[in-house]
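Trainee: Please take me closely through one helix and the parts around it. I would like to follow it outwards, one step at a time.

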Amino acid sequence: MYPAPFEYYAPKSVGEALSLLSQNADAKILAGGHSLLPLMKLRLAQPAALIDIGKITDLYGISDMGNTISLGALTTHHDVEHSGVLRRECPLLPEVASHIGDRQVRNRGTLGGSLAHADPAADYPAAMLALGAHIEVQGTGGKRSISADDLFTGLLQTSLNVNELIVSVRVPKTNAKGQSVAYAKFPHPASRYAIAGVAVWVKLENDQVSDVRVGVTGAADHAQRAKKTEDALKGKALNNDAIAAAAKLAADGLKTLGDVYASADYRAHLVNTLTAQALSAAQARAHGM
Amino acid sequence: MKVSMKVNGQLREADVEPRWLLVHVLREKFGLTGTNVGCDTTQCGACTVLMNDMAVKSCNVLAVQADGAEIITIEGLKTDGQYHPLQQAFWDEHGLQCGFCTPGMIMAAVDLLKHEAQPNYAQIRHGIEGNLCRCTGYENIVRAIRQAADKM
């Protein structure tokens with residue numbers, strides 16, 4: 001299957017990409033192409049132009065910035081999974097990346113592409129919410145930083161403006177004592193997309209939860225936080241009873257989607273179950289530290 | 001558009017439309033028909049080749065994205081007339097029935113063994129998740145990859 005014809009551009013800099021983007025009203029950014037190209041081959045997307053950012057060297061690489069780690073938009077899932085600095089300092093991301101698609105998909109698919117596409121069943125959005133990541137974007141008007149909480153707005157919708165490009169993602173280091181993370185996922189057995197997935201970040205002080213973030217993906221039209229679960233845990237000891245009680249609230253208020261794979265009710269059940277699993281894994285890791 | 005890439009050690013050039021996929025250029029322009037097109041939807045892995053030393057599904061890479069890249073296909077695995085240990089192991093362990101998925105399966109396994117030289121059976125199964133065999137021959141495929149790991 002061939003995509004419909006399009007104009008192809010391969011800019012060498014972000015500035016050049018942005019000016020191409022503003023000159024071509026119906027252009028799409030091509031990163032790894034592992035969401036966009038399948039859509040184009042099925043003719044579900046027929047952009048008039050593709051702006052291939054793969055040759056922009058500034059968009060690659062993982063850098064230690066002190067308290068945070070910066071990941072270029074074109075960092076592949078493979079690079080996230082195998083990054084030494086991430087495994088040491090922000091282990092949630094390698095854990096989540098290892099669950100994405102399959103080997104070949106992880107070799108090509110990119111962090112920035114996944115976030116900009118905002119597939120409701122993608123894995124990274126849950127991790128971004130749990131980590132409180134910041135998405136650094138650049139447009140013709142300049143740069144800005146979008147909190148992960150504000151990025152995902154609807155089905156395949158983000159708060160990116162049409163002429164903006166994700167250039168990097170900034171995540172906090174979570175290796176300090178008392179912090180723990182985990183991801184629990186129920187994958188579709190063929191596509192490996194999340195039928196539901198829950199990422200958690202927990203901070204313990206004096207054996208009590210001083211802060212916690214729970215990111216849920218796959219269940220609703222876009223990834224979002226399970227704030228009722230977070231509120232129920234704050235100030236409590238992270239034990240089995242507290243986890244069980246808080247996890248029951250995870251799908252509360254979430255507009256879960258039903259489809260041929262799973263009904264809305266079943267997805268809600270999965271969200272609660274996976275939240276309990278992720279929190280239990282984080283608890284076990286916290287106490288192992 | 002002109003693209004050039006190093007394919008199995010040889011510099012090759014082609015005049016392509018931007019919408020052409022890498023697999024079409026390999027098969028139809030370069031005559032390397034060992035790489036198969038199976039599902040054509042990035043699921044089955046039959047079109048797997050190595051691009052810059054990484055396994056990719058060549059039905060989901062534009063030829064223009066591979067401009068300047070180094071590509072290895074199943075035809076490029078043999079050295080000095082000798083089969084690659086994975087090719088030999090698939091033969092020895094009967095890691096195929098119809099053979100359609102085999103080139104992609106082997107190329108994915110090359111990538112797997114590069115990153116995990118001595119995978120256990122679970123790691124092998126995880127490593128070839130992106131490749132489907134509709135003859136249900138996974139048992140022998142996994143055994144073949146394990147045998148190749150022993151010999152490499």
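Mentor: What follows starts at one helix, then moves to its surroundings and on to the partner chain. The model is predicted: local features need pLDDT of at least 70, side-chain atom pairs count only at pLDDT 80 or more, and totals for chains, interfaces and linings use all residues. Residues are numbered from 1 along each chain as its sequence is written, while chains are lettered from A and ligands numbered from 1 in the order in which they are written.

Start with helix α3 of chain B, residues 102–115. Helices (H or I, at least four residues) and strands (E, at least two) are DSSP runs, numbered from the N terminus. The helix has 14 residues, and at 1.5 Å a residue it should span 20 Å. The expected span is 1.5 Å times one less than the number of residues. The end C-alpha atoms are 20 Å apart, which agrees.

Now burial. Eleven of the 14 residues of α3(B) are buried, so the helix is largely enclosed by the rest of the structure. (Buried means 20 or more other C-beta atoms within 10 Å of the residue's own; exposed means 12 or fewer; partly exposed lies in between; C-beta atoms are placed from the backbone.) The buried residues are T102(B), P103(B), G104(B), M105(B), I106(B), M107(B), A108(B), A109(B), V110(B), D111(B) and L112(B).

What covers them? From chain B, the cover includes β3 (48–51), β4 (54–57), α2 (85–92), α4 (121–127) and α5 (138–151). Chain A is also represented, by α6 (103–108).

Take the two covering strands next. β3(B) and β4(B) pair in the antiparallel sense over four bridges. (Strands pair if DSSP finds at least two bridges between them.) M51(B) stands opposite M54(B) in β4(B). The two strands form a hairpin with two residues between them. In that turn, N52(B) has a positive phi of about 50 degrees.

These strands also sit at a domain boundary. Chain B is assigned domain 1 (2–74) and domain 2 (85–151). (The bounds come from an automatic or database domain assignment.) Taken over C-alpha atoms, the centres of the two domains of chain B are 21 Å apart. In chain B, 15 residues of domain 1 are in contact with twelve residues of domain 2. (Contact means C-beta atoms, placed from the backbone, within 7 Å.) On the domain 1 side of that contact, β3 and β4 of chain B each supply at least two residues. β3(B) gives the most, with three residues. That side divides into eight nonpolar, seven polar and no charged residues. (Ala, Val, Leu, Ile, Met, Phe, Trp, Tyr, Cys and Pro count as nonpolar; Asp, Glu, Lys and Arg as charged; the others, Gly among them, as polar.)

Now cross to chain A. The contact between the chains takes 25 residues from chain B and 19 residues from chain A. β4 and α3 of chain B each supply at least two residues of the chain B side. β4(B) provides the largest share of that side, four residues. By class, the chain B side has eleven nonpolar, nine polar and five charged residues.

The nonpolar cores come next. (A core is a set of buried Ala, Val, Leu, Ile, Met, Phe, Trp, Tyr and Cys residues joined through C-beta atoms within 7 Å.) The largest core has 94 residues, and those with the most contacts inside it are L92(A), A127(A), A130(A) and V200(A). A second, separate core of 50 residues includes A55(B), V56(B), L77(B) and L112(B). L112(B) is also one of the buried residues of α3(B). In soluble globular proteins, nonpolar side chains tend to be buried together.

One last stop in chain A, for the domain contact there. Chain A is assigned domain 1 (7–55), domain 2 (57–172) and domain 3 (179–288). The C-alpha centres of domain 2 and domain 3 of chain A lie 20 Å apart. In chain A, 26 residues of domain 2 are in contact with 23 residues of domain 3. α8(A) makes the largest share of the domain 2 side, seven residues. By class, that side has 16 nonpolar, six polar and four charged residues.

Definitions and conventions:
Contact = placed C-beta atoms within 7 Å.
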